[in-house]
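Trainee: Got a minute to walk through this one with me? I'd like to start with the ligand and see where we end up.

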Amino acid sequence: MCGISGVVGMKDISNALYEGIRSLEYRGYDSCGVALMNRDKITVKKNVGGVEDFFRKENVLRIKSKVGIAHTRWATHGKVTKNNTHPFQSQDGNFAVVHNGIISNYRDLRTQLSREGFKFDSETDTEVIPHLLDKYFKQTRNVETALIKTLHQLEGTFAMAFISSHNPDQIICAKRESPLMLGIADGCMYLGSDFNAFIDYTKNAIVLDDGEFAIISRDSYIVKNYLTRAEVTKPITKIEWDSESSKKGGYPHYMLKEIYEQPQTVTNSLDIQSELLDEVVDMIYKSDHTYLVGVGTTYYVAQYGQYMISSLAREFLPSLSSDEFVSLSNVTKKSLVLAISQSGETYDTLSALKFAHAQGAQTAAIVNVMGSSISRFVDKVILQGSGPEICVISTKAALSQMIILVQIGLKLALKKKVINKQQMNQAMSTLREFPGIIEAILNERSGFIHRIANAHYKMKHWLYLGRGVYYPIALESALKMKEVAYVHAEGMPGGFLKHGTLAMIDNEINSIVFIPPKEDKKLYEATMHCVEEIRARSGFVLGIHFDERGKNKNLFSEELILPKVSPMIAPLLQLVIAQLFAYFTATSLKRDVDKPRSLAKSVTVG
Ligand code: F6R
């Protein structure tokens with residue numbers, strides 16, 4: 001949700017702080033603020049708007065400081081105003097706090113603190129923290145004790161960091177559920193909601209666990225448990241991502257760059273250690289029920305997995321939206337929950353896993369961000385190795401997760417003897433051809449897709465239709481359109497049309513139909529019926545299909561013809577097309593592609 005960064009060093013740190021917080025902007029970009037220590041006085045600057053604008057307008061880089069924290073906000077409690085922007089200070093100005101998460105008992109704390117004479121300037125939950133720190137410092141004259149006492153008062157979730165004039169050379173931070181990590185370098189220490197905040201400066205990180213707090217100075221750090229106050233020895237995590245892959249590299253947007261990275265990320269998914277996938281397959285095999293969970297895009301990835309695994313391995317693994325999981329499922333200790341999450345921090349998905357764990361179930365996950373909460377929580381993690389996905393819209397991570405699920409389906413099929421070794425090898429060689437096919441399509445067809453998007457970008461309503469495994473592809477494609485172009489797009493199974501939706505067909509709604517290759521005879525024919533049904537009512541249909549040119553003369557209003565590929569990769573190839581279509585529609589509409597409104601990359605609140 002929100003992003004936190006911090007730097008404590010020997011020289012001026014404002015530039016490193018700027019780069020740190022800018023690279024976390026994907027977590028929220030409603031408003032931005034910094035607190036910088038100057039001798040033992042704290043300067044706070046904050047305002048609404050994005051990081052770059054804020055730093056320029058407020059001349060932040062001109063302020064010299066060796067200790068500072070920064071925050072980029074995704075509003076949850078309180079509107080997007082300057083007053084609601086972090087950092088928040090205590091009344092005497094001696095504490096400045098940034099926070100990510102939700103203090104669920106903040107109303108009670110606010111009432112209590114107001115009674116005691118503390119004044120509140122914002123509508124946020126966070127502002128109780130500096131007042132509590134101030135209150136307990138005045139009682140104990142010790143910053144660490146004030147922190148512990150404050151933490152004992154807080155219910156809910158937090159990753160928080162503060163600086164204090166009482167200890168001007170340190171940043172102090174604490175974590176419960178929301179992510180926080182330290183970057184360890186020579187003569188300089190960093191703090192971030194994730195590695196991106198300091199990957200340019202150091203590859204050595206310490207991932208804080210729930211219940212821990214850390215005190216960091218320029219050449220030392222100490223991590224303690226805030227319940228026992230005992231020191232905790234933390235392992236150093238080596239960050240494997242390189243900082244170059246977090247840069248735009250000549251592309252106008254991260255979204256486009258990440259779509260173009262898919263040949264590589266699919267290859268990375270195919271290179272995942274076979275034994276690791278076998279272990280997860282074994283867990284599925286031994287469980288009574290395996291549930292696939294994810295939310296937003298990853299729910300559609302899970303749905304895709306449900307279809308693929310059912311057809312490859314004849315095994316039904318129900319997919320559930322993580323936020324619904326707790327209400328709908330019947331989890332026992334013989335269950336397995338396989339979660340899918342790019343960030344590894346999504347509150348809903350982590351909660352589903354915690355719920356499953358509490359029932360004694362096994363847990364596993366496919367995650368992109370190493371060191372993330374989900375990757376550390378589950379019994380078995382598959383790190384997908386897609387590299388940093390900076391655009392808020394998920395593209396390369398989702399496609400790579402689908403590739404992993406296909407491999408799981410194949411391995412399960414082999415284990416259950418639904419297929420033999422030869423069929424398995426054949427399927428794997430088909431998958432190995434996929435990166436080259438994506439590359440060719442991106443190079444050869446993006447101009448054409450751009451043209452179609454540009455011709456129809458003013459259309460306000462779209463129906464995305466698919467049958468079978470093409471249905472989750474339609475859902476995910478429609479989500480891309482909604483979130484990046486803010487255009488109404490509804491994904492639907494093709495069979496739904498005749499159960500009511502046909503009434504909507506007129507010249508104010510366009511349809512996109514995901515048509516399988518002809519070899520998938522039944523599905524192909526059923527999908528073509530959808531096209532006919534819409535065309536019979538003079539509706540517009542963009543058909544994405546694999547037939548020869550001219551084969552379906554006059555049937556489609558627009559058609560996008562793809563080269564013949566195996567039915568196993570056909571829906572995935574269509575997804576790549578739909579990602580580009582949403583991207584170009586968004587650029588025609590001049591949307592803020594990498595930071596679309598009302599969406600954050602890491603939704604760490606429920
Ligand atoms: C869509 C999107 C969101 C995320 C969802 C889950 O493009 O980005 O729908 O897919 O919030 O996030 P992760 O995968 O990080 O758990």
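Mentor: Sure, we'll take the ligand, then the domains, then a couple of backbone details. Keep in mind that this is a predicted model.

Trainee: How many residues surround the ligand, and which are the closest?

Mentor: There are 13 residues around the ligand, and the closest are Ser341, Gln342, Ser343, Thr346 and Glu483.

Trainee: What's that shell like by class?

Mentor: Eight of the shell residues are polar, three are nonpolar and two are charged.

Trainee: OK, polar contacts then. Which polar side-chain atom lies 2.9 Å from an oxygen atom of the ligand?

Mentor: That one belongs to Lys480. The backbone joins in too: a polar backbone atom of Ser394 is 2.9 Å from a ligand oxygen, and a backbone N or O atom of Val392 lies 3.2 Å from an oxygen atom of the ligand.

Trainee: And how much of the ligand does the protein bury?

Mentor: The protein buries 94% of the 400 Å² that the ligand exposes when taken alone.

Trainee: Which elements give two or more residues to that shell?

Mentor: Helix H9 (297–313) and helix H15 (470–485).

Trainee: Switching topic: how is the chain divided into domains?

Mentor: Domain 1 covers 3–239, domain 2 covers 246–419 and domain 3 covers 445–606.

Trainee: How far apart do the C-alpha centres of domain 2 and domain 3 lie?

Mentor: They're 24 Å apart. As for contacts, 34 residues of domain 2 touch 32 residues of domain 3.

Trainee: What area is buried between domain 2 and domain 3?

Mentor: About 2,900 Å², with carbon and sulfur atoms giving 69% of it. On the domain 2 side, Tyr300, Val392 and Ile393 supply 22% of the area buried against domain 3, more than any other three residues. You've met Val392 already, with its backbone atom 3.2 Å from a ligand oxygen.

Trainee: Now the backbone. Which peptide bond is cis?

Mentor: The one from His86 to Pro87, where omega is near 0°. Pro87 sits in the loop that runs between strand E4 (67–73) and strand E5 (88–89).

Trainee: And which residue has a positive phi although it is not a glycine?

Mentor: Arg39, at about 55°. Look for Arg39 in the loop between strand E2 (31–38) and strand E3 (41–48).

How values were computed: Residues numbered from 1 in each chain as written. Predicted model: local features only at pLDDT ≥ 70, side-chain atom pairs only at ≥ 80, totals over all residues. Heavy atoms only, no water. Near = heavy atom within 4 Å. Polar contact = N/O pair within 3.5 Å; in protein donor to acceptor, adjacent residues only side chain to side chain. Areas by Shrake-Rupley, 256 points an atom, 1.4 Å probe, with all protein chains shown as cover. Helix = DSSP H or I, 4+ residues; strand = E, 2+ residues; numbered from the N terminus. Nonpolar A, V, L, I, M, F, W, Y, C, P; charged D, E, K, R; others polar. Domains from an automatic or database assignment. Contact = heavy atoms within 4.5 Å. Buried area = accessible area lost by both parts, 1.4 Å probe.
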